Amino acid sequence: KKKPSETANGTNARRPLRSLRVAKVKRTDRRTQASTQARPHFDTHASASMVSFADLSTAKGLKELDTFLLTRSYISGYQASRDDLAVFGAMASGPAAKEYPHAARWYNHIKALLGESFPGEGAGVGLAGASASAAPADSGAVTGAGMDVDVNSDSSDSDDDLDLFGEMTEEEKKAQEEKKAIIAKAKARAAEKEKKCKSLIVMDVKPWDDETDMAKMEADIRAITRDGLLWGSSKLVTFAFGMKKLQITAVIEDTKIPSFDEIIENDILLLDEDEEVQSDHVQSVDILSFNKL
């Protein structure tokens, strides 16, 4: 008789183990290659923290930047750096928020940071070719924004015209005062809004046993008074073996009562130094919900 593992010609029908391993390795290589090709490529040969993008005036470059900023706030590190300034300077304009939401978010943030560094209002400037600092040393004048400045002049008046560290002009002072006023109003609105913030708390107060005077327990809780604390509705709820617990609500002003736990521990449970409950009526307190109003 033929063995079950042999074919009609007597050869083994099982596939060699070595060929199975080779096939498995080949499939793994193909999956790895496909996964690698699907990922965006960032050049990190120079440094582990260095990244490069394609031309940021093209859709490809913007897509790479948007993908890179998906989980990042800045180009490198956890604060704005020269890398952010370099990328920002390479962009002609802000990217479209619908197509590149992460790049647009980063662009607006860096733009706001630069705006805070230069609060003065500019009159506009036209730039063509090299900057003034890159001009040849023997050039007689530098032209920009419709004004010619003679760099070879020995006149003492030129020093007054180019005084970059002089006093602020009236327009600059006015702009600075307006900015301070806007910031002060914003802070005042935030402080006023914070004062009005309230929270609604729903909690379960459980007694020691079924012989506890629930009316007395509720009266003791409502007798707790604090500036910014208001007790609300309550009801008795059956929870185990016919026992009832008190479910009561409270509204607090967040700025006046920063911690409701202190009220629970010190006024309701009456915890001692060993954190043992000393209340004659209350065994435990559970917070069911804590929501902002």
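**View 1. The charged end of Arg72 sits over the ring of Phe68, 4.1 Å from the centre of that ring.** The model shown here and in the views that follow is a predicted one. Phe68, which carries the ring beneath Arg72, also takes part in one of the 3 aromatic pairs that the structure holds. In this pair the rings of Phe53 and Phe68 have their centres 5.4 Å apart and their planes at 75 degrees, and because planes over 60 degrees apart count as edge-to-face, the pair is described in that way. Phe53 belongs to the loop between α1 (17–38) and α2, while Phe68 belongs to helix α2, so the pair ties together parts of the chain that are 15 residues apart in sequence. Both of these residues, Phe53 and Phe68, are buried.

**View 2. Phe88 and Tyr107 form a stacked aromatic pair.** The centres of their two rings are 4.7 Å apart and the ring planes stand at 25 degrees, which is why the pair counts as stacked, the limit for that class being under 30 degrees. With Phe88 in helix α3 and Tyr107 in helix α4, the pair links distant parts of the chain, 19 residues apart. Phe88 is buried, and Tyr107 is buried as well.

**View 3. Helix α3 (residues 82–89) has buried residues on one side and exposed residues on the other.** The buried residues of this helix are Asp84, Val87 and Phe88, and they cover an arc of only 100 degrees around the axis, which puts them on the same side of α3. An α-helix has 3.6 residues a turn, so residues three or four places apart point the same way. On the other side of α3, the exposed residues are Arg82, Ala86 and Gly89. The partners against which the buried residues of α3 pack are α2 (59–68) and α4 (101–117).

**View 4. A salt bridge joins the side chains of Asp204 and Lys245, at 2.8 Å from N to O.** Asp204 is found in strand β3 (residues 198–207) and Lys245 in strand β5, so this pair ties together parts that are 41 residues apart in sequence. Asp204 and Lys245 are both buried. Strand β3 also provides Lys206, whose side chain meets that of Asp286 in a salt bridge of 3.4 Å, again given from N to O. This second pair links distant parts of the chain, since Lys206 lies in strand β3 and Asp286 in strand β6 (residues 282–292), 80 residues apart. Asp286 has a relative accessible area of 32% and is therefore partly exposed, a class that runs between the limits of 20% and 50%.

**View 5. Asp267 and Arg226 meet through their side chains in a salt bridge of 2.4 Å, N to O.** Asp267 is in helix α8 (residues 261–268), whereas Arg226 is in the loop between α7 (214–222) and β4 (229–240), and the pair links these distant parts of the chain across 41 residues. Asp267 counts as partly exposed at 25% relative accessibility, and Arg226 likewise counts as partly exposed, at 40%. Elsewhere, salt bridges that share partners join Asp227, Glu253 and Lys256 into one network. The count for the structure comes to 8 salt bridges.

**View 6. Thr249 is placed in strand β5 (residues 243–253).** With a relative accessible area of 18%, Thr249 is buried, because the limit for that class is under 20%. If its neighbours within four places in sequence are left aside, the residues in contact with Thr249 are Leu200, Ile201, Val202, Trp231, Gly232 and Ser233.

**View 7. The protein chain as a whole contains 8 helices and 6 strands, which gives the close-up views their setting.** Read along the sequence, these elements follow the pattern α-α-α-α-β-β-α-α-β-α-β-β-α-β. Of the 293 residues in the protein chain, 21% are buried. Where contacts join residues at least 6 apart in sequence, 55% of them are between residues at least 24 apart. The accessible surface of the protein chain comes to about 22,200 Å², and carbon and sulfur atoms account for 52% of this surface.

How values were computed:
Residues are numbered from 1 along each chain as its sequence is written. This is a predicted model: local features need pLDDT of at least 70, side-chain atom pairs count only at pLDDT 80 or more; totals for chains, interfaces and linings use all residues. Side-chain values use heavy atoms; hydrogens and water are left out. Helices (H or I, at least four residues) and strands (E, at least two) are DSSP runs, numbered from the N terminus. Buried means under 20% relative accessible area, exposed over 50%, partly exposed in between (1.4 Å probe, protein chains only). Contact means heavy atoms within 4.5 Å. The arc is that of the directions from the helix axis to the C-beta atoms. Accessible areas come from the Shrake-Rupley method with a 1.4 Å probe; for residues, only the protein chains shown count as cover. Rings of Phe, Tyr and Trp (its six-membered ring) pair if their centres lie within 6.5 Å; planes under 30 degrees apart count as stacked, over 60 as edge-to-face and the rest as tilted. A charge sits over a ring if NZ of Lys or CZ of Arg is within 6 Å of the ring centre and within 35 degrees of the ring normal. A salt bridge is a side-chain nitrogen of Lys or Arg within 4 Å of a carboxyl oxygen of Asp or Glu.
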